[in-house]
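I opened this entry to look up how the inside of the fold is built. My notes follow the display.

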Amino acid sequence: MKNLGLQGLELQDLRYFVAVASHETCNISEVAEKLHMAQPNLSSSIKDLEKRLDVTLFNRKKRPLQLTTAGQEFFQEAVLILTAMNRAVENVRKTSKGEIGRLTIGLTSSVSNSILPNILRRFREEFPNVKLIWSEMATHNQLQAIYDCRMDVGFLHLPSGLIDNKELSFTPILEEPLVIVLPENHRLAKTKQIPLIALKEEKFILPDLQLVPGLSQQILNFCKRAGFFPNITLEAAFMLTILGFVAGELGIALLPANVKNIKRKGVVYRPIIGASPKVKMNLVWRRNDTSIILKNFLKITKEMLNY
C-alpha cells in the first residue's frame, strides 16, 4: 500500500517533501518541529529522496532554501498524488458507511402520493452524497428488476403467493383504507359515506391485473367479501389514468386513500361506510443484498413510518 512503485518511493517520503516545500521559508527545523521529529532525520529523508530520484530538489546555496526547477515540478506532482490518495482513503471510508454511492428504487403511484416525500427528504438530509435513482413501474417489472439486480429495492403492493419467496425479503410499511372514486355527477356523489355493496351494479375501472396484481387482487377480495364480483369494464396501470376514466364517466374505482392528494377535476372521493377495507404496501429487496446504502435506506424508511 505504501510503495508507489517509483524507485522505492513511499508516501511518507512525499509527505515530508511537501511539508518542507510548502513551508514559507522551507525551514527544515521548523517543519521537523511541526512533524514532531528530529531535524537531522527530516534532512536525511529529503536527501535520500533526492538520491533515489537522482535530482536536486532544493537549492541549498541560498538562504532560505529554495526549490529548484525540478523541485517545483516534483512538488506539483507530489501534491496531486497525496491529494488523490487522501481522497481515495476518504471515499473508501464513506463507502464503507454507505455515505456515497447509488441506490436504485422502484415505486408506484401510491408511494409517490403518500410517504415518498418525507422519506426522500430525510434520506437526503442524512446522506446527501448518495445518488437515488427512482423508477415508477409496474409490480412485475419491479420484481424482475430486483431479481436481475437492476434495482435494489421496491415499494409495491405485494401479489399473493410471493410472501414465501426464498430470494426476497419484504416488510409491510403502510396500510391505508380504500376510498370510492366517483364522477362528480354520479348518483352517489352527494352521499357522504357509501357501503361497498352499493357499488354492486356499477362499472368498475380496476388497477391493471397484470401490471399491479397486488392492489387489484386486494380490491377484488374486498368486493367478494362484500357479496359481489365487480363488473370490470376497464383496467389501467396508473392512478392518473384511472382518474381520467372516472372523470370521463366511464365507471367508478376503488383506490388507496392517498389518491385524495391528487386534485382531479370531474371526480369526487367518498369513504366506505363501516370498517373500511385496507390495502397494504410493502418494501421488497433481495435477501442476500449486503449493501450498506440499502441498509441505511431501510432503516430510515422504517423510522419514518414508526415501524
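**Cores**

I looked up the largest nonpolar core first and found 23 residues, with Leu103, Phe123, Val153, Phe155 and Phe297 having the most contacts inside it. I took a nonpolar core as a set of buried Ala, Val, Leu, Ile, Met, Phe, Trp, Tyr and Cys residues joined through side-chain atoms within 4.5 Å. Buried means under 20% relative accessible area, exposed over 50%, and partly exposed in between, with a 1.4 Å probe and protein chains only. Elements giving two or more residues to this core include β3 (101–107), β5 (153–156) and α10 (292–304). Helix α10 gives the most, five residues. Helices (H or I, at least four residues) and strands (E, at least two) are DSSP runs numbered from the N terminus.

I noted a second, separate core of 22 residues, which includes Cys26, Ile28, Leu57 and Leu82.

**Basis**

The model is predicted: local features need pLDDT of at least 70 and side-chain atom pairs count only at pLDDT 80 or more, while totals for chains, interfaces and linings use all residues. Residues are numbered from 1 along each chain as its sequence is written, and side-chain values use heavy atoms, without hydrogens and water.

**Val153**

Leaving aside neighbours within four places in sequence, I listed the contacts (heavy atoms within 4.5 Å) of Val153; among them are Leu103, Ile146, Trp285 and Phe297.

**Helix α1**

In α1 (residues 11–21), I found Leu14, Phe17 and Val18 among the buried residues. The buried residues of α1 pack against α2 (28–34), α3 (39–53), β1 (58–59), β2 (66–67) and α4 (69–96).
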